[in-house]
Amino acid sequence: MLAKALPNNTVLEVIALYGNRDLTSVKSLIEALPECGVVRVDLVDTGVAAEEVKQVNGIVAENAAQRVRENDGELKLSLI
């Protein structure tokens, strides 16, 4: 499971789950995201509830902000 591999990850920045309409919950991902370096999760066109999408977006925004505060030269942000 992806969420189990994320804690302490410093390499993976983007998780693309778009178009996966069978995906209806990302609760395990929400629990794992604060402990890793992921700065973007694409949940467009999935079955994930809006509230969970909002939670994910908030967590990855904080992850990105933390990496900026740490002056992480490897960080690659995309607004798309």
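The protein chain exposes about 5,300 Å², of which carbon and sulfur atoms supply 54% (Shrake-Rupley method, 1.4 Å probe; for residues, only the protein chains shown count as cover). The model is predicted: local features need pLDDT of at least 70, side-chain atom pairs count only at pLDDT 80 or more, and totals for chains, interfaces and linings use all residues. Residues are numbered from 1 along each chain as its sequence is written, and side-chain values use heavy atoms, with hydrogens and water left out.

**Exercise 1.** Describe the secondary structure and burial of the protein chain.

*Solution.*
- Step 1. The chain contains three helices and two strands (DSSP runs, numbered from the N terminus: helices are H or I with at least four residues, strands are E with at least two).
- Step 2. Along the sequence, these elements follow the pattern α-β-α-β-α.
- Step 3. Of the 80 residues, 36% count as buried (under 20% relative accessible area; exposed is over 50%, partly exposed in between; 1.4 Å probe, protein chains only).
- Step 4. Among contacts with a separation of 6 or more, 70% come from residues 24 or more positions apart (contact: heavy atoms within 4.5 Å).

**Exercise 2.** Locate Thr10 and state whether Thr10 is buried or exposed.

*Solution.*
- Step 1. Thr10 sits in the loop between helix H1 (2-5) and strand E1 (14-16).
- Step 2. The relative accessible area of Thr10 is 63%, so this residue is exposed.
- Step 3. Gly37 is 27 residues from Thr10 in sequence, yet their C-alpha atoms are 4.9 Å apart in space.

**Exercise 3.** Analyse the salt bridges of the structure, including the one between Arg67 and Glu13.

*Solution.*
- Step 1. The structure holds four salt bridges (a side-chain nitrogen of Lys or Arg within 4 Å of a carboxyl oxygen of Asp or Glu).
- Step 2. In one of them, the closest N and O atoms of Arg67 and Glu13 are 3.1 Å apart. Arg67 belongs to helix H3 (residues 50-69) and Glu13 to the loop between H1 and E1, so the pair ties together parts 54 residues apart in sequence. Both Arg67 and Glu13 are buried.
- Step 3. Asp45 and Arg21 also meet in a salt bridge, at 2.8 Å from N to O. This pair links distant parts of the chain, 24 residues apart: Asp45 lies in the loop between strand E2 (40-42) and H3, Arg21 in the loop between E1 and helix H2 (27-32). Asp45 is partly exposed at 41% relative accessible area, whereas Arg21 is exposed at 58%.
- Step 4. Glu62 pairs with Arg69 in a salt bridge whose closest N and O atoms are 2.5 Å apart. Glu62 has a relative accessibility of 41% and therefore counts as partly exposed.
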